[in-house]
Amino acid sequence: MTKSEQIKPLAGYALIKPEEAVEKTASGIYLPDNAQERPAKGKVVAVGAPIKHPEHEEKAQFSVGDSVIYKKWGGDEIKIDGNEFKLVKFDDVMAIIS
């Protein structure tokens with residue numbers, strides 16, 4: 001079991017493994033690391049519990065294994081065993097990629 005499998009996000013948060021940054025443009029030009037833009041897409045690794053409000057529960061509209069698009073500046077970047085992850089709020093996930 002890896003450490004990312006041991007992390008359970010708190011209520012209202014999800015752990016996402018971002019896709020790798022694009023290293024080469026469509027025309028074949030290789031980009032240096034500082035010019036690569038990390039896409040705001042990734043795979044959901046773990047999902048926290050629903051947020052409980054007095055009148056209702058706010059559940060995630062996605063599940064573990066889904067590929068999603070999240071807000072570019074949303075969430076916090078964390079490193080686990082040398083791998084990068086994003087810890088984002090449910091509200092920061094904007095779409096599921098099918």
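**Exercise 1. Which residues is Phe62 in contact with, leaving aside its neighbours within four places in sequence?**

Solution. Keep in mind that you're looking at a predicted model.

- Step 1: find the residue. Phe62 sits in the loop between strand S4 (57-58) and S5.
- Step 2: list the contacts. Phe62 touches Ala14, Val44, Val47, Val68, Phe90, Val93 and Ile96, once neighbours within four places in sequence are set aside.
- Step 3: check the burial. The cut-off for buried is under 20% relative accessible area. Phe62 comes out at 9%, so it counts as buried.
- Step 4: try a distance. Phe62 and Ala95 are 33 residues apart in sequence, and their C-alpha atoms are 8.7 Å apart in space.

**Exercise 2. Work out the strand order of the sheet, then say which strands are at the edges.**

Solution.

- Step 1: walk across the sheet. You should get S6-S7-S1-S2-S5-S8, which makes 6 strands in an open sheet with antiparallel pairing.
- Step 2: pick out the edges. Strand S6 (76-80) and strand S8 (93-97) each pair on one side only, so these are the edge strands.
- Step 3: look at the twist. From one strand to the next, it averages 45°.

**Exercise 3. Find the bridge partners of Ile16, Gly42 and Lys43.**

Solution.

- Step 1: start with strand S1 (residues 13-18) and S2, an antiparallel pair with 5 bridges. Here Ile16 has Val44 in S2 as its bridge partner.
- Step 2: move on to strand S2 (residues 41-47) and strand S5 (residues 67-70), which pair in the antiparallel sense over 3 bridges. Gly42 is matched with Val68 in S5, while Lys43 stands opposite Ser67 in S5.
- Step 3: as you trace the strands, remember that side chains in a regular strand alternate between the two faces of the sheet.

**Exercise 4. Is Asp92 buried or exposed, and what does it touch?**

Solution.

- Step 1: locate Asp92 in the loop between strand S7 (83-89) and S8.
- Step 2: read off the accessibility. Asp92 has a relative accessible area of 13%, so it's buried.
- Step 3: collect the contacts. Not counting residues up to four places away in sequence, Asp92 touches Ile69, Tyr70, Lys71, Gly74 and Gly75.

**Exercise 5. Take Ile69 and say which nonpolar surface patch it belongs to.**

Solution.

- Step 1: place Ile69 in strand S5.
- Step 2: check how open it is. Ile69 counts as partly exposed because its relative accessibility is 31%.
- Step 3: name the patch. Ile69, Met94 and Ile97 make up a nonpolar patch on the surface, and together they have about 250 Å² of accessible area.

Notes:
Residues numbered from 1 in each chain as written. Predicted model: local features only at pLDDT ≥ 70, side-chain atom pairs only at ≥ 80, totals over all residues. Heavy atoms only, no water. Pairing = 2+ DSSP bridges. Helix = DSSP H or I, 4+ residues; strand = E, 2+ residues; numbered from the N terminus. Axes fitted to C-alpha atoms, helices over the stretch in contact; angles between N-to-C directions. Buried < 20%, exposed > 50% of the residue type's maximum accessible area, 1.4 Å probe, protein only. Contact = heavy atoms within 4.5 Å. Patch = residues over 30% accessible without salt bridge, like charges linked within 9 Å, V, L, I, M, F, W, Y side chains within 5 Å. Areas by Shrake-Rupley, 256 points an atom, 1.4 Å probe, with all protein chains shown as cover. Salt bridge = Lys/Arg side-chain N within 4 Å of Asp/Glu carboxyl O.
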